[in-house]
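Colleague: Please take a close look at a single part of this model and explain, for a first-year student, how that part is built and what surrounds it.

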Amino acid sequence: MDELYFFYADHSGCFPGWVDINALRDKLCDHAMTEIDLSFNDLQCEGACILRDALLDKDSSWKLTSLRLDAVDLRENGCLAIIPLLTVSPSVLALTHLSIAKNAIGDSGMARLIDTLAYNTQLASLNISNNSCSFKTAKALHHMLSANYALKKLDCSYNMIRGQG
């Protein structure tokens, strides 16, 4: 399996748009996946922690390059839970695309995630659109972009970033 999409997981007995956590654990045993898209599921922080733990399992060597967690209700704590995925050695996990749009993460969580990316040499595409972010996130982005030369695509649309000062 190269890709995992979980929207409408009716076959597992769960309602459309809701992640069956047990099915998620089982599916994450396939280390050959290159893309995981859990967008528009009710993953929340608990599901983000399960995903993080599975991807960082010490016996794992993933081929995963793309992770999409759009509109999964991460909020700040869920965002903080996935930060270790961006700091791990590329020999364990080499994400080149991360999309966490529409998660109401806010400035605190987003600034911490962005600070982590300053020295990430793998991530080429980041989508943080529509996350209730403002000037604090913009300042973190400015700092990160001055140090990170790997990032080629950044979507921070539909936030509340405005010029100040």
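Modeller: A residue is called buried when its relative accessible area is under 20%, exposed when it is over 50%, and partly exposed in between (1.4 Å probe, protein chains only). Helices (H or I, at least four residues) and strands (E, at least two) are DSSP runs, numbered from the N terminus. The model is predicted, so that local features need pLDDT of at least 70 and side-chain atom pairs count only at pLDDT 80 or more, whereas totals for chains, interfaces and linings use all residues. Residues are numbered from 1 along each chain as its sequence is written, and side-chain values use heavy atoms, with hydrogens and water left out.

The part chosen here is helix α4, residues 106-117. In α4, the buried residues are G106, D107, G109, M110, A111, L113, I114 and L117. Its 12 residues, at 1.5 Å a residue, should span 16 Å (1.5 Å times one less than the number of residues). The end C-alpha atoms of α4 lie 17 Å apart, which agrees with that expectation.

What covers the buried residues of α4? The cover includes α3, α5 and the strand β5 (125-127). With α5, which comprises residues 135-147, α4 packs at an angle of about 0°, their axes being 9 Å apart. Such axes are lines fitted to C-alpha atoms, for helices over the stretch in contact, and angles run from 0 to 180 degrees between N-to-C directions. The two helices α4 and α5 are therefore roughly parallel to each other (angles under 35 degrees count as roughly parallel, over 145 as roughly antiparallel, 65 to 115 as roughly perpendicular and the rest as oblique). In this contact (heavy atoms within 4.5 Å), α4 contributes D107, S108, M110, A111, I114, D115 and L117, while α5 contributes K136, T137, A140, L141 and M144.

The neighbour α3 (residues 75-82) buries G78, C79, A81 and I82. Viewed down the axis of α3, these buried residues fall within an arc of 155°, so they line one face of the helix; the arc is that of the directions from the helix axis to the C-beta atoms. Both α4 and α2 are among the elements that cover the buried residues of α3.

Helix α2 (residues 44-55) also has 12 residues, which should span 16 Å, and its end C-alpha atoms are 17 Å apart, in agreement. Its buried residues are G47, A48, I50, L51, R52 and L55. The angle at which α2 and α3 pack is about 5°, and 8 Å separates their axes. That makes α2 roughly parallel to α3. Here C45, A48, C49 and R52 of α2 meet N77, G78, A81 and I82 of α3.

The surroundings may now be widened to the whole chain. The protein chain holds 5 helices and 6 strands, which run β-α-β-α-β-α-β-α-β-α-β from the N terminus on. Of its 165 residues, 46% count as buried. Among contacts with a separation of 6 or more, 80% join residues 24 or more positions apart.

A word on confidence is also needed. The mean pLDDT, which is the predictor's confidence in each residue from 0 to 100, is 84 for the protein chain, and 78% of the residues reach 70 or more. Over residues 7-16, pLDDT stays under 50, and the model has 13 contacts for them beyond four places in sequence. Where pLDDT is low, the predicted coordinates should not be read in detail.
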